[in-house]
Amino acid sequence: PADTDEFLVSDAGTLKRIDYSLIKATPGLTKLASTEVTSATAAIIFDSSVVTAYDNYYIVVNGIKTASKSASGAVMFSTDNGSTFIGRTRFTSDFKDLANGTVGGTHTGTFSLNSVTNPVMWDNHNTEPLNGHFYFYNCNPTTDNTYSVHCGYKTSYTNQNDVEYQQDGAVMYDVTAGQQINYFKLVNATTNIDEGRATLYGFNT
């Protein structure tokens, strides 16, 4: 029904009219999948069986620990169910030194994996956890733009030098119109994930 369509409701026997816009469900997060890691795995994967037709996705990670201390962690994505990946076009982030309570400045580090350049969204540690969340917007672009898919994220972690950081970043990607994201991979380029959980949500606006 249209927002202006009216419904009749009974209020203690008195009939009243109410617009559909006041009672309709509002867009919200739909939980699509959750993966718990309890032993060494190369990456956490959400493939096309769960990454379906949403315009936006939200990924939450909890308690991620790796086999060794290492930089080069990122969420990667694909439009062909993991056969090829799309690297960053634009990327920057700010990071804070939580141990000293200071702002560390701008971070623009990248690494190469699966033939594309990826932003370093976090470092990993073997005894201290990574936690964070990632929003991916416009994941089913309908027009060709140079920077069509955007990601905003926040992570907190202990880096490979045993310093606690918080990172706030933004990434832009060039995805051709009509190519829908259908695969996410959470990965560290140099070490396995030993434990932790990642949960994927979808939402439209």
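Contact here means heavy atoms within 4.5 Å. The views below all come from a predicted model.

**Figure 1. Phe85 in the loop between β6 and β7.** Phe85 sits in the loop that joins β6 to β7 (90–97). Its partners, leaving aside neighbours within four places in sequence, are Met76, Phe77, Ser78, Asn114, Val116, Tyr183 and Lys185. Is Phe85 buried or exposed? Phe85 has a relative accessible area of 10%, and buried means under 20%, so Phe85 counts as buried. A long-range marker helps with orientation. Phe85 and Ala198 are 113 residues apart in sequence, and their C-alpha atoms are 20 Å apart in space.

**Figure 2. Ser78 and its polar contacts.** Ser78 belongs to strand β6, which covers residues 70–78. Ser78 is buried because its relative accessible area is 0%, under the 20% limit. Which backbone atom does the side chain of Ser78 reach at 2.9 Å? That atom is the backbone nitrogen of Gly82. A polar atom of the Ser78 side chain also lies 3.5 Å from the backbone nitrogen of Asn81. Beyond four places in sequence, Ser78 is in contact with Ser83, Thr84 and Phe85. Gln180, Ile181, Asn182 and Tyr183 are also in contact with Ser78. The contact with Phe85 links this view to Figure 1.

**Figure 3. The largest nonpolar core, seen around Phe184.** This core has 46 residues. Those with the most contacts inside the core are Phe46, Met121, Phe136, Tyr173 and Phe184. In soluble globular proteins, nonpolar side chains tend to be buried together. Phe184 is the centre of this view. Neighbours within four places in sequence are again left aside. Phe184 is then in contact with Ile44, Ile45, Phe46, Val51, Tyr57 and Ile59, among others. Val75, Met76, Phe77, Phe136 and Leu200 are also contacts of Phe184. Phe46 and Phe136 therefore appear twice, as contacts of Phe184 and among the core residues with the most contacts.

**Figure 4. The largest cavity and its lining.** How many cavities of 30 Å³ or more does a search of the whole structure find? The search finds 1. The largest cavity has a volume of about 30 Å³. Val61, Ile64, Trp122, Leu130, Leu186 and Ile193 form its lining. By residue type, the lining comprises 6 nonpolar residues, no polar and no charged.

**Figure 5. Tyr135 in strand β12.** Tyr135 is found in β12, residues 130–137. Tyr135 is partly exposed because its relative accessibility is 26%, which falls between the 20% and 50% limits. Contacts of Tyr135 beyond four places in sequence are Tyr57, Tyr58, His150, Cys151, Gly152 and Phe203. Gly152 is 17 residues from Tyr135 in sequence. The C-alpha atoms of Tyr135 and Gly152 are 5.3 Å apart. Tyr57 connects this view with Figure 3, since Tyr57 is in contact with Tyr135 and with Phe184.

**Figure 6. His107 in strand β8.** His107 has its place in β8, residues 102–107. His107 counts as buried because its relative accessibility of 18% is under 20%. A polar atom of the His107 side chain lies 3.1 Å from the backbone oxygen of Val120. Val120 is also one of the residues that His107 touches when those up to four places away in sequence are not counted. The others are Phe91, Thr92, Ser93, Phe95 and Gln167.

**Figure 7. Two loop residues with positive phi.** Most residues other than glycine have a negative phi. Ser115 has a positive phi, near 70 degrees. Ser115 lies in the loop between β9 (110–113) and β10 (116–119). Ser115 is exposed because its relative accessible area is 78%, over the 50% limit. Asp162 also has a positive phi, near 65 degrees. Its loop runs between β13 (149–158) and β14 (164–173). Asp162 is partly exposed, with a relative accessible area of 40%.

**Figure 8. Overview for placing the close-ups.** The protein has 0 helices and 16 strands. Its C-alpha trace spans about 70 × 40 × 35 Å along the principal axes. Of its 205 residues, 40% count as buried. Among contacts with a separation of 6 or more, 73% involve residues 24 or more positions apart.

Definitions and conventions
Residues numbered from 1 in each chain as written. Predicted model: local features only at pLDDT ≥ 70, side-chain atom pairs only at ≥ 80, totals over all residues. Heavy atoms only, no water. 1 Å grid on protein atoms, 1.4 Å probe; cavity = no way out; pocket = protein on both sides within 12 Å on 5 of 7 lines; lining within 4 Å. Points joined across faces, edges and corners; volume = space filled by probe spheres on them. Nonpolar A, V, L, I, M, F, W, Y, C, P; charged D, E, K, R; others polar. Core = buried A, V, L, I, M, F, W, Y, C linked by side-chain atoms within 4.5 Å. Buried < 20%, exposed > 50% of the residue type's maximum accessible area, 1.4 Å probe, protein only. Helix = DSSP H or I, 4+ residues; strand = E, 2+ residues; numbered from the N terminus. Polar contact = N/O pair within 3.5 Å; in protein donor to acceptor, adjacent residues only side chain to side chain.
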